[in-house]
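User: Got a minute to go through a structure with me? I'd like the overall picture before I set anything up.

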Amino acid sequence: MTATITSIAHYLPPDVYPNSYFEKYLDTSDEWIKARTGISERRFIKDGATSDMIIPAAKQCLERRGFKPEDIDCIIVATVTPDHMFPATACVVQNKLGATNAWGFDLSAACSGFLFALVTAASLVESGTVKNVLLCGADKMSSILNFEDRAQAVLFGDGAGVVLLEKSKDKEYGIIDHILHIDGAGGPYLHQVAGGSYKPASIDTVTNKEHYIYQDGQAVFKAAVVGMADVSLEIMQKNKLESEDVAWLVPHQANLRIIAATANRMGLDKDKVMINIDRYGNTTAGTIPICLSEWLDMGKLHKGDRLVLSSFGAGFTWGAIYLRWGMNK
Ligand code: COA
């Protein structure tokens with residue numbers, strides 16, 4: 001038995017921040033940002049939390065499937081920017097939607113959050129533990145960005161993608177295979193120092209800006225280029241997939257150069273790679289479901305397409321999923 005995505009939707013805040021927004025007050029340029037990252041603009045939510053981006057996407061996702069909120073069995077929210085440290089954002093979403101029959105939880109795996117949550121959700125569905133999972137990948141990165149640091153402020157954006165996962169009627173379609181990894185030795189290169197139990201929030205942590213993202217960009221870049229490319233090739237080889245068999249690579253959108261290196265390793269042309277980093281930057285757990293939802297909306301994703309989803313993020317966390325797309329627009 002396989003689990004498959006039966007509905008999908010996404011939400012992006014309306015307010016667009018082009019590279020020129022940062023040029024006004026940081027020592028940076030549109031040219032540098034585009035050349036080094038591939039990003040032209042991103043969206044930041046002005047008012048509201050991560051759950052406020054999930055709700056419109058979740059409502060549309062349910063509507064498209066003809067589901068009522070009470071039909072949901074389980075809600076998983078992949079995020080590193082939950083509304084609160086606790087309760088889980090899954091509880092906030094459950095309450096706002098009125099999903100009275102659901103249980104659920106949050107999952108923290110940074111930029112790999114959607115992939116880790118998709119494998120978790122698929123296991124729950126495949127084992128018969130639940131009939132369906134509303135899986136939300138969402139982050140309000142603007143809530144932890146140091147807007148005075150040019151090396152990180154320009155990289156991220158806010159957004160949400162939501163999928164409904166159910167048992168596949170035809171086992172040919174759905175989540176077929178996965179390879180997932182974590183390596184905590186990578187933690188020091190990309191993390192949020194304070195605000196957790198290790199270093200609770202204090203006047204000092206705020207003054208020292210320790211509640212923002214800390215990133216050693218070059219170290220993360222080097223690990224991501226190797227990690228994402230290796231695992232993507234490995235899942236192809238494990239499933240005897242040639243490059244012509246793959247309809248789309250759906251990569252986490254952190255840096256266009258990391259995406260290009262991954263596609264190159266898989267022997268894929270650029271026209272088989274979902275890329276929207278130019279418009280949204282890195283929305284962390286949101287990137288992959290937002291890509292899938294946009295491509296389906298554009299009519300570029302078809303039933304039977306073989307997809308490789310791949311990601312790399314803080315932790316370090318990384319992995320790839322091979323799935324056969326099972327729905328039409
Ligand atoms: N505008 C202009 N210059 C910038 C800049 C910006 N926005 N950000 C950094 N720079 C500068 C640096 O200060 C550095 O200057 P220096 O040489 O005078 O010290 C120079 O550009 C080169 O920095 P470097 O870090 O080598 O650049 P890079 O080519 O590695 O690109 C990143 C920087 C952050 C774009 C890149 O390292 C990256 O994408 N890393 C991975 C990020 C990522 O994937 N994070 C999320 C994990 S999923």
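User: What radius of gyration does the protein chain have, and what would a compact globule with 329 residues have?
Analyst: The protein chain has 19 Å, which agrees with the value near 20 Å for a compact globule of 329 residues. That's over C-alpha atoms, and the globule rule is 2.2 Å times the number of residues to the power 0.38. Bear in mind this is a predicted model: local features need pLDDT of at least 70, side-chain atom pairs count only at pLDDT 80 or more, and totals for chains, interfaces and linings use all residues. Residues are numbered from 1 along each chain as its sequence is written, and side-chain values use heavy atoms, leaving out hydrogens and water.

User: OK, and what box do the C-alpha atoms fill?
Analyst: Roughly 55 × 45 × 35 Å, along the principal axes.

User: How much of the chain is buried?
Analyst: 54% of the 329 residues, where buried means under 20% relative accessible area with a 1.4 Å probe, protein chains only.

User: Switching topic: which domains is it divided into?
Analyst: Domain 1 covers 3–167 and domain 2 covers 174–324; the bounds come from an automatic or database domain assignment.

User: How far apart are their C-alpha centres, and how many residues are in contact?
Analyst: The centres lie 14 Å apart. On the contact side, 51 residues of domain 1 meet 48 of domain 2, with contact meaning heavy atoms within 4.5 Å.

User: And what share of contacts in the chain comes from residues 24 or more positions apart?
Analyst: 76%, counting contacts with a separation of 6 or more.

Key: Buried < 20%, exposed > 50% of the residue type's maximum accessible area, 1.4 Å probe, protein only.
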